[in-house]
Amino acid sequence: MRTFADELRDQGHNVHYFEIDSESNEQSFAKNITLLHQEHSYDIIQYQEPDEYRLDQLLAEELAEIGPTIEMVGSEHFYTTRSELKDMFEGKKQYLMETFYRQMRRKHDVLMEDGQPTTGKWNYDHENRKKLPKGHQPPEPKLFGRDVSRIVAQLDNAGVNTIGSIDDKSFIWPKNRDEALDMLDYFVQELLPNFGAYQDALTNDYWSVYHCRLSFSINLKILSPEEVVRTVESYWSEHQDEINIATVEGFIRQILGWREYMRGIYWAYMPDYEGMNYFDHETSLPQWYWTGDTKMNCLSKAIGQSLEYGYAHHIQRLMVTGNFALLAGIHPDEVDQWYLGIYVDAFQWVEITNTRGMSQFADGGIVGTKPYISSASYINKMGDHCKKCYYKHSVKTGDKACPFNSLYWNFLDRHRDRLSNNPRMGMMYRVWDKMDDSKQEELLIQADKYLTHLEEL
């Protein structure tokens with residue numbers, strides 16, 4: 001924000017910027033705007049459509065009391081309006097992401113030829129699920145640096161609670177549009193060719209792999225989603241011999257499809273969405289989610305990386321930290337707070353639908369068709385975390401049994417009344433039912449031991 005304020009001033013705009021410890025800062029949107037209005041007597045106050053429900057309600061209520069004409073103007077940083085998803089599925093019981101995604105492709109003419117998907121196929125998701133080959137080394141992640149020691153000191157002086165660390169008080173993410181565009185160019189030229197194949201890969205050695213890490217710049221409106229999509233589509237059209245269509249389609253689906261879909265879900269179901277708890281989970285989040293101090297290597301890596309960089313890729317969030325929280329029965333409020341607090345790209349409109357919906361299934365199936373849970377076999381399949389772990393991924397019970405294994409079966413058993421009729425869960429319940437009673441009992445006892453001692457895992 002400070003960089004942007006300086007850029008606006010350089011362009012000749014009159015900018016009022018309230019730093020966190022400014023003497024004139026009333027620590028309230030309404031009070032600060034009232035202060036400016038008293039000084040300048042505005043005829044009209046315009047503000048950009050907020051992305052989050054809380055801020056939308058706060059501004060609508062508090063600004064109405066100030067006096068002058070209040071106008072909310074739309075944001076140009078989404079493909080869709082707030083209500084477009086809901087309007088598209090009016091009268092339908094479920095908002096299908098794939099249907100929405102295809103409509104977005106048609107409407108905005110992305111990866112389309114003569115009204116049909118380029119190459120004749122809409123979705124290549126199944127082709128983008130490989131682990132990193134042994135010895136494979138991704139390019140170095142592109143980083144930026146700016147001394148933010150003054151801001152850190154201001155936060156400390158203001159009594160703001162913080163997590164993680166900033167090495168040498170520097171900030172590694174793009175601070176302005178030029179740097180964000182540099183990051184976009186670096187992605188398409190250096191990372192895009194391998195992004196699709198390894199986007200789900202887990203690794204002990206690399207925190208960024210081939211991920212673009214553009215969500216920070218897009219969510220802060222430094223880049224628009226359309227220019228990111230068009231840049232990737234254009235680059236692929238000129239380098240089709242180097243870049244697989246599955247890679248490009250998978251990347252574009254995340255922005256044009258998933259990102260817009262999640263925003264639509266948010267505005268269709270808020271404010272009720274933030275109170276949903278389908279499984280009635282009540283357990284507190286283990287303290288090691290804030291430190292990374294756990295013997296489970298996959299969780300230690302994902303959490304430690306998150307604390308250091310404010311970032312983890314989607315499989316780390318969904319199938320490692322999110323998967324464990326769901327299996328352990330963590331209250332979705334605490335999971336929401338963790339994701340919202342720990343990630344540099346997190347805003348409630350996109351965080352809560354991914355966390356409470358996709359990751360925790362707390363919405364009962366609005367976003368996902370089934371809970372995204374797995375035992376240790378999936379984590380072992382996607383990377384090398386299990387090789388350096390205290391626990392053994394292939395062991396189900398005993399002192400070094402991977403907690404994911406028994407917690408997985410315990411979750412299925414505990415929530416059978418809610419999940420047994422789910423067509424995507426039937427096969428796993430059949431596997432469970434075929435187990436000997438003694439084996440089932442061993443797994444449930446093991447899970448109960450771990451659930452009773454979550455802080456010690």
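**Surface, cysteines and backbone**

Biologist: Is Asp 437 buried or exposed?
Modeller: The model is predicted, and here the relative accessible area of Asp 437 comes to 64%. The cut-off for an exposed residue is over 50%. Asp 437 therefore counts as exposed.

Biologist: Which residues form a negative surface patch with Asp 437?
Modeller: Asp 437 belongs to helix α19, which covers residues 437-452. Like charges in a patch are joined within 9 Å. The patch that includes Asp 437 is completed by Asp 436, Glu 441 and Glu 442.

Biologist: How many disulfides are there?
Modeller: A disulfide is a covalent bond between the sulfur atoms of two cysteines. The rule asks for two cysteine sulfur atoms within 2.5 Å. By this rule the count is zero.

Biologist: Which cysteine has the sulfur nearest to that of Cys 298, and how far away is that sulfur?
Modeller: Cys 298 is in no disulfide. Its relative accessibility is 7%, so Cys 298 counts as buried. The nearest cysteine sulfur is that of Cys 389, at 6.4 Å.

Biologist: Which cysteine has the sulfur closest to that of Cys 389?
Modeller: Cys 389 is buried, with a relative accessible area of 16%. The closest cysteine sulfur is 6.3 Å from that of Cys 389, which is too far for a bond. That closest sulfur is in Cys 402.

Biologist: Which residue does a cis peptide bond join to Met 270?
Modeller: Most peptide bonds are trans. In this cis bond, omega is about 5°. The partner of Met 270 is found in the loop between α10 (245-269) and α11 (297-309). The partner is Pro 271.

Biologist: What is the phi of Asp 280?
Modeller: Asp 280 also lies in the loop between α10 and α11. With a relative accessible area of 49%, Asp 280 is partly exposed. Most residues other than glycine have a negative phi. Asp 280 is not a glycine, yet its phi is positive, at about 55°.

Biologist: What is the phi of Lys 221?
Modeller: Lys 221 sits in the loop between α8 (215-219) and α9 (225-238). Lys 221 is not a glycine, but its phi is positive, at about 70°.

Biologist: What separation is there between the C-alpha atoms of Asn 421 and Leu 443?
Modeller: Asn 421 lies in the loop between α17 (416-419) and α18 (426-434), and its relative accessibility of 74% counts as exposed. Along the chain, Asn 421 and Leu 443 are 22 residues apart. Their C-alpha atoms are separated by 23 Å.

Notes: Residues are numbered from 1 along each chain as its sequence is written. This is a predicted model: local features need pLDDT of at least 70, side-chain atom pairs count only at pLDDT 80 or more; totals for chains, interfaces and linings use all residues. Side-chain values use heavy atoms; hydrogens and water are left out. Buried means under 20% relative accessible area, exposed over 50%, partly exposed in between (1.4 Å probe, protein chains only). Patches are made of residues with over 30% relative accessible area and no salt bridge: like charges are joined within 9 Å, nonpolar side chains (Val, Leu, Ile, Met, Phe, Trp, Tyr) within 5 Å. Accessible areas come from the Shrake-Rupley method with a 1.4 Å probe; for residues, only the protein chains shown count as cover. A salt bridge is a side-chain nitrogen of Lys or Arg within 4 Å of a carboxyl oxygen of Asp or Glu. Lys and Arg count as positive and Asp and Glu as negative; His and the chain ends are not counted. The place of a charge is taken as NZ of Lys, CZ of Arg, CG of Asp or CD of Glu. Helices (H or I, at least four residues) and strands (E, at least two) are DSSP runs, numbered from the N terminus.
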